[in-house]
Structure formats: structure tokens, C-alpha cells
Amino acid sequence: MPLERQARSRAGNEGTLVSDVYLPPVAGAPYSFAVQVPVRRGGQVEGFLTMAAPVSQIQAMVYAQRLPAQWHATVIDREGVVAARS
């Protein structure tokens with residue numbers, strides 16, 4: 001599981017969590033990442049919304065920045081796995 005309960009307990013209920021890059025357990029699925037945000041109602045955290053997406057979406061965002069040719073951008077996770085680069 002990309003976002004374990006341990007990560008949530010370390011971060012508390014208020015923070016947004018982003019997973020490391022992972023390979024989903026579905027055959028043929030691309031490398032992915034997940035984001036989890038708290039859902040608030042009346043100022044209280046009621047639950048969490050989690051979204052998973054392929055890392056190719058991060059790559060598309062890096063390309064969309066149209067960085068100068070001499071610049072190099074790299075997005076890595078906490079384990080040093082490259083998710084995207086220019």
C-alpha cells in the first residue's frame with residue numbers, strides 16, 4: 001500500500017501526504033504515486049481523500065513548464081527514485 005497508516009500517524013490528520021513511486025499490484029499498471037488530503041467538515045477532519053495517478057502525469061507537468069534549455073529539473077521521491085525529469 002503506497003500510503004500506510006504509519007505515515008498518516010506520523011504526519012497527523014492535518015497534513016497532505018504524497019507517496020513514494022510504486023508499482024501497483026495490477027498487471028500492466030504503470031509506476032504511480034498517490035496523494036492523500038484531509039477532508040474537513042465544520043473545521044473537523046472527517047476523513048481522507050486519496051488519489052493515485054501514473055508518474056507520467058508528473059512528467060507531463062515538468063514538460064509543460066517549458067524550462068530554459070540550459071535548466072534541468074528532476075522530481076524524485078524520498079527513496080531517490082526519479083519520477084520525472086526534463
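The backbone oxygen of Pro30 lies 3.0 Å from a polar atom belonging to the side chain of Ser32, a residue that is found in strand β2. This description concerns a predicted model, in which three strands form an open sheet in the order β1-β2-β3 and in which two salt bridges are present. The points below take up Ser32, then the sheet, then the two charged pairs.

**Ser32 and its surroundings**

- Ser32, in strand β2, has a relative accessibility of 7% and therefore counts as buried, the cut-off being under 20%.
- When neighbours within four places in sequence are left aside, the contacts of Ser32 comprise Asp20, Val21, Tyr22, Pro24, Ala53, Pro54 and Val55.
- One of these contacts, Asp20, lies in the loop between β1 and β2 and reappears below as a partner in a salt bridge.

**The open sheet**

- The pairing within the sheet, whose strands follow the order β1-β2-β3, is antiparallel.
- Because β1 and β3 (44-54) stand at the edges, each with a single partner strand, one side of each is left without a neighbour in the sheet.
- Strands β2 and β3 run antiparallel and are joined by ten bridges; among the residues concerned is Ala34, whose bridge partner in β3 is Ala52.
- In general, strands of a sheet pair through backbone hydrogen bonds, in either a parallel or an antiparallel manner.

**The salt bridge between Arg40 and Glu14**

- The side chains of Arg40 and Glu14 meet in a salt bridge, with a distance of 2.7 Å from N to O.
- This pair links distant parts of the chain, since Arg40 belongs to strand β2 (residues 32-41) whereas Glu14 lies in the loop between α1 (5-11) and β1 (17-18), the two being 26 residues apart.
- Arg40, with a relative accessibility of 43%, counts as partly exposed, while Glu14, at 52%, counts as exposed because the value is over 50%.

**The salt bridge between Asp20 and Arg78**

- Asp20 forms a salt bridge with Arg78, and the closest N and O atoms of this pair are 3.5 Å apart.
- Asp20 is located in the loop between β1 and β2 and Arg78 in the loop between β4 (74-76) and β5 (82-85), so the pair ties together parts that are 58 residues apart in sequence.
- Arg78 has a relative accessibility of 61% and therefore counts as exposed.
- As a general matter, side chains of opposite charge can pair when their charged atoms come close.

Terms used: Residues are numbered from 1 along each chain as its sequence is written. This is a predicted model: local features need pLDDT of at least 70, side-chain atom pairs count only at pLDDT 80 or more; totals for chains, interfaces and linings use all residues. Side-chain values use heavy atoms; hydrogens and water are left out. A salt bridge is a side-chain nitrogen of Lys or Arg within 4 Å of a carboxyl oxygen of Asp or Glu. Helices (H or I, at least four residues) and strands (E, at least two) are DSSP runs, numbered from the N terminus. Buried means under 20% relative accessible area, exposed over 50%, partly exposed in between (1.4 Å probe, protein chains only). Two strands pair if DSSP finds at least two bridges between them. A polar contact is a pair of N or O atoms within 3.5 Å; within protein, one must be able to donate a hydrogen and the other to accept it, and residues adjacent in sequence count only if both atoms are side-chain atoms. Contact means heavy atoms within 4.5 Å.
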